[in-house]
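Got your viewer open? Here is a short tour, one selection at a time.

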Amino acid sequence: MKKVRVKHNYIDKKKFHVEMTNYRLAAIQAEKDGTEKPRVNNYLGNCFYMICEKLSYRPNFVNYSFGEEMVGDAIENCLSAVDNFDPNEQKQNPFGYFSLIAWRAFVRRIQKEQKQSYIKHKYFHSSGLSSEPGVVMTPGSNEVSDRIIEKFESKMIAKKEPKAKGVEKFMDE
C-alpha cells in the first residue's frame, strides 16, 4: 500500500483568494461611493503575519539579529500593497503576490542594516575607537571592520561601473 503524502499548508490559498477578492471589491465600492475604505479583516491580517513569519525561518533570513524588524517591515509592506491587488485577474495568486512583497521587504531591511553597519565600522575605523568599551585601537587594526568596509565599498564601486551592452560584452579591451 502506497502512503499518500498529506500537505500541511499554513494558508488555504483558495480561501485567501476569496477573502482578498471580497475585500478589494468592498474597497472599490467604497471608493466609488465616496465612503471610508473598509479595514483589513482579521483573517487577511493573520495570513500576512503567517506569510512573513514563515518566510523569516527560511535559511536566507534565519540568522539575522534583526529578524523582528524584517517581519514588521514585511507586514507593513503587505498592508500597503493590499490596494494593488486586482480581483478581476483570474490567475491572480495572492499568496505568491504577498510572499514576493515580503521577500523584497526582507532584502531591503538587510541592505539598510548593512549600510548602518558600514557607517558604524567606518566611523570606528577612522576615529581609532573600538565598538568594545575600554579598548583603544589604532586605525586599521580591526580585521572585522576592515572586511565589512571593504565588502560594502566594493559593492558600491560595482554599482557605479557601467555594464557592457551588446557586442561590447565579447570584446577585449
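**Stop 1: the core**

Start by selecting Phe16, Met20, Phe48, Phe98 and Phe106: these have the most contacts inside the largest nonpolar core, which has 27 residues. A nonpolar core here is a set of buried Ala, Val, Leu, Ile, Met, Phe, Trp, Tyr and Cys residues joined through side-chain atoms within 4.5 Å. Buried means under 20% relative accessible area, exposed means over 50%, and partly exposed is in between (1.4 Å probe, protein chains only). Now colour by helix: H1 (13–33), H2, H3 and H4 each supply at least two residues of this core. H4 gives the largest share, seven residues.

Before going on, keep in mind that this is a predicted model, in which local features need pLDDT of at least 70 and side-chain atom pairs count only at pLDDT 80 or more, while totals for chains, interfaces and linings use all residues. Residues are numbered from 1 along each chain as its sequence is written, and side-chain values use heavy atoms, with hydrogens and water left out.

**Stop 2: zoom out**

In cartoon view you should find five helices and zero strands (DSSP runs numbered from the N terminus: helices are H or I of at least four residues, strands E of at least two). Of the protein's 173 residues, 27% count as buried. Among contacts (heavy atoms within 4.5 Å) with a separation of 6 or more, 69% are between residues 24 or more positions apart.

**Stop 3: the rings**

Show the aromatic side chains next; the whole structure holds 10 aromatic pairs. Rings of Phe, Tyr and Trp (its six-membered ring) pair if their centres lie within 6.5 Å; planes under 30 degrees apart count as stacked, over 60 as edge-to-face and the rest as tilted. Pick phenylalanine 48 and phenylalanine 98, a tilted pair at 4.7 Å centre to centre with 55° between the planes. They join distant parts of the chain, 50 residues apart: phenylalanine 48 is in helix H2 (residues 42–55) and phenylalanine 98 in helix H4 (residues 94–127). Phenylalanine 48 is buried, at 0% relative accessibility, and phenylalanine 98 also has 0%.

Move on to phenylalanine 61 and tryptophan 103. Their planes are at 75° and their ring centres 4.9 Å apart, so this pair is edge-to-face. Phenylalanine 61 sits in the loop between H2 and helix H3 (67–80), 42 residues from tryptophan 103 in helix H4. Which of the two is buried? Phenylalanine 61 is, at 4%, whereas tryptophan 103 is partly exposed at 30%.

Then add Phe16, Phe85 and Tyr97, which ring pairs link with Phe48 and Phe98 into a cluster.

**Stop 4: around phenylalanine 106**

Select phenylalanine 106 and expand the selection. Beyond its neighbours within four places in sequence, it contacts Cys52, Leu55, Ser56, Phe61, Met70, Val71 and Ala74.

**Stop 5: the cysteines**

How many disulfides are there? With a disulfide taken as a pair of cysteine sulfur atoms within 2.5 Å, the count is zero. Cysteine 52 is in none; its nearest cysteine sulfur, on cysteine 78, is 4.2 Å away. Cysteine 52 is buried, at 0% relative accessibility, and cysteine 47 is buried too, at 1%.

**Stop 6: lysines**

Lysine 15 lies over the face of tyrosine 43, 4.5 Å from the ring centre. A charge sits over a ring if NZ of Lys or CZ of Arg is within 6 Å of the ring centre and within 35 degrees of the ring normal. Lysine 54 does this with tyrosine 10, its charged end 5.3 Å from the ring centre.

Finish at lysine 151 in helix H5 (residues 143–160), which is exposed at 51%. C-alpha to C-alpha, lysine 151 is 9.0 Å from tyrosine 118, with their positions 33 residues apart in sequence.
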